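Open the model in your viewer with the cartoon shown and side chains hidden. The stops below are meant to be taken in order, selecting as you go.

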Amino acid sequence: MAEQDSISARISENCPPETQQILTAAWAHDVEKVKKLLDAPGKASCQDPKTGETPLHAAIRACGPPSEDDTPEDLEAAKNTVYELLLWGGIWNDVDDHNETPGCLAFRLGRPELYNLCVEAGVRAEMLFGLLDGRTKTEKWETTTSETYLRSKLTYDDGKLVDDDGNGVMMAWETDIMRQSVDALLPNRPSGKRVLNIGMGMGIIDSMFAEIRPARHHIIEAHPEVLEHLSAPDAKFGSSWEESGPEPGAFKVYEGKWQEICHQLLEEGQVYDAIYFDTFGEDYGQLRMFFTEFIPGLLDREGIFGFFNGLGADRKICYDVYTKVAEMHLADAGLDVDFKEIDVDMKELAEAGKGEWEGVKRRYWTLDSQFSPSFCQHDGLLTLC
């Protein structure tokens, strides 16, 4: 075990005796002692004041990486300790002084059984939050809100679109993800399809849709500066593009919030073969509302819907938790769901402030793959396509 992961390094001299006692029992996987010590709310989530070590961290860290000395009994004791701590309110996403959650630690140490326990706890917690206040405590972009974003100044600069706080709204590195999303939304890329994209940004996926020569191509965009950019004489999706459609209104940018425009589209009787959703500054509850309230009316029975799955993508355990939460909510909405795993080239994405992240405040993606969802609708029910 590395020195930084030793018990002496993780329980500091200034740790209160009561906290030290719980951490030590968790480290030893002494389930019975842990149960006795957890006699009041909050004790399962106590932390060493210097290292941030929680009982969950201690129980997982004590296992170290897998070795030939491991026994089934040892692993079972560790799992039972982690389970008991979670049962008593251990927090799945508390971070220590190394910015690791218990799940991050389990993943780093190569302990999938313990990692999965943390993921399951995260899903339970997020689903409970959703029941209590009507939405899941998950935001694709934690540094801004929809209203703040719509008031912000945007800059198109060297393959990225950023707001005035330096948050990446859309970046060129996402191109391959979107290309594979188009392949899933429109298999074999047939022409003459009806397409709706919500959230234009840099126009990456809309450029791909345009190459397929759709019969109808509608875009919803709310940000004033993106819309102003479209008013330039040489704008790819400006007035000339709109006038080039096969009939009036076939190619159109709808200006405004999708929550309002989608009601308009439903009233007009618009139906689409492919719908893609990728907005900025909105919590997951808005995405959930879209696929429960609008997809059934806007998507053709043989159409396909997909969205940019970037929920919690700055930390693997958060991404795994929120992907499962989305899957469960999609099932609640009557959808059968699966996710296509798309490889992400991390060569220029590996370090904050460098490569693709130069000039961007927040490194919102840290994973080497994306679980990209797509669904199709048959006889009023959405199913995996």
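The tour goes from the whole chain to single elements and then to a few backbone positions.

**The whole chain**

This is a predicted model. Select everything first: the chain holds 16 helices and 11 strands. Of its 385 residues, 52% are buried. Among contacts with a separation of 6 or more, 70% are between residues 24 or more positions apart.

**Helix α2**

Select residues 17-27, which make up helix α2. Show the side chains of Thr19, Ile22, Leu23, Ala25, Ala26 and Trp27, which are buried. Which elements cover the buried residues of α2? Add α1 (7-10), α3 (31-37), α4 (55-61) and α5 (72-87) to the selection, since the cover includes these four helices. In an α-helix, residues three or four places apart point the same way, because there are 3.6 residues a turn.

Continue along the chain to His29, which follows α2 and has a positive phi, near 55°. Most residues other than glycine have a negative phi.

**The hairpin of β2 and β3**

Select residues 160-162 for β2 and residues 168-171 for β3. The two strands run antiparallel and are joined by three bridges. Val162 is placed opposite Gly168 in β3. Together β2 and β3 form a hairpin, with five residues between them. In the turn, pick Gly166, where phi is positive at about 85°.

**Helices α9 and α10**

Move on to α9 (175-185) and α10 (204-211). Two packed helices are described by the angle and the distance between their axes. For α9 and α10 the angle is about 40° and the axes are 9 Å apart. The two helices are therefore oblique to each other, and their crossing is right-handed.

Show side chains on both sides of the contact. From α9, select Thr175, Met178, Arg179, Val182 and Leu185. From α10, select Ile204, Ile205, Met208 and Phe209, which they meet. By class, the residues of this contact are seven nonpolar, one polar and one charged.

**Strands β4 and β5**

Next select β4 (194-198) and β5 (216-221). These strands run parallel, with five bridges joining them. Arg194 is found opposite Arg216 in β5.

Is β5 enclosed or open to the outside? Six of its six residues are buried, so β5 is largely enclosed by the rest of the structure. In a regular strand, side chains alternate between the two faces of the sheet. Colour Arg216, His218 and Ile220 as one group, because they point one way from β5. Give another colour to His217, Ile219 and Glu221, which point the other way. Both groups are buried.

Now centre the view on Val195, in strand β4. Val195 counts as buried because its relative accessibility is 0%, below the 20% cut-off. Draw a distance from its C-alpha atom to that of His217: the two are separated by 4.8 Å, although they lie 22 residues apart along the chain. Leaving out residues up to four places away in sequence, Val195 touches Leu186, Phe209, Pro214, Arg216, His217, His218, Tyr272 and Ala274.

**Two loop arginines**

Stay in this part of the sequence and select Arg189, in the loop between α9 and β4. Arg189 is not a glycine, yet its phi is positive, about 50°. With a relative accessible area of 28%, Arg189 is partly exposed.

Then select Arg213, in the loop between α10 and β5. Arg213 also has a positive phi, near 60°. Is Arg213 buried or exposed? Its relative accessibility is 58%, so Arg213 counts as exposed.

**Helices α14 and α16**

For the last stop, select residues 284-293 for α14 and residues 316-332 for α16. Their axes are 10 Å apart, and the helices pack at an angle of about 30°. At that angle, α14 and α16 are roughly parallel to each other. The crossing of α14 with α16 is right-handed.

Show Tyr284, Arg288 and Phe291 in α14, and then the residues they meet in α16: Val325, Ala326, His329 and Leu330. This contact comprises five nonpolar residues, one polar and one charged.

Note on methods:
Residues numbered from 1 in each chain as written. Predicted model: local features only at pLDDT ≥ 70, side-chain atom pairs only at ≥ 80, totals over all residues. Heavy atoms only, no water. Buried < 20%, exposed > 50% of the residue type's maximum accessible area, 1.4 Å probe, protein only. Axes fitted to C-alpha atoms, helices over the stretch in contact; angles between N-to-C directions. Parallel < 35°, antiparallel > 145°, perpendicular 65-115°, else oblique. Left-handed = near helix turned anticlockwise from the far one by under 90°. Contact = heavy atoms within 4.5 Å. Nonpolar A, V, L, I, M, F, W, Y, C, P; charged D, E, K, R; others polar. Pairing = 2+ DSSP bridges.
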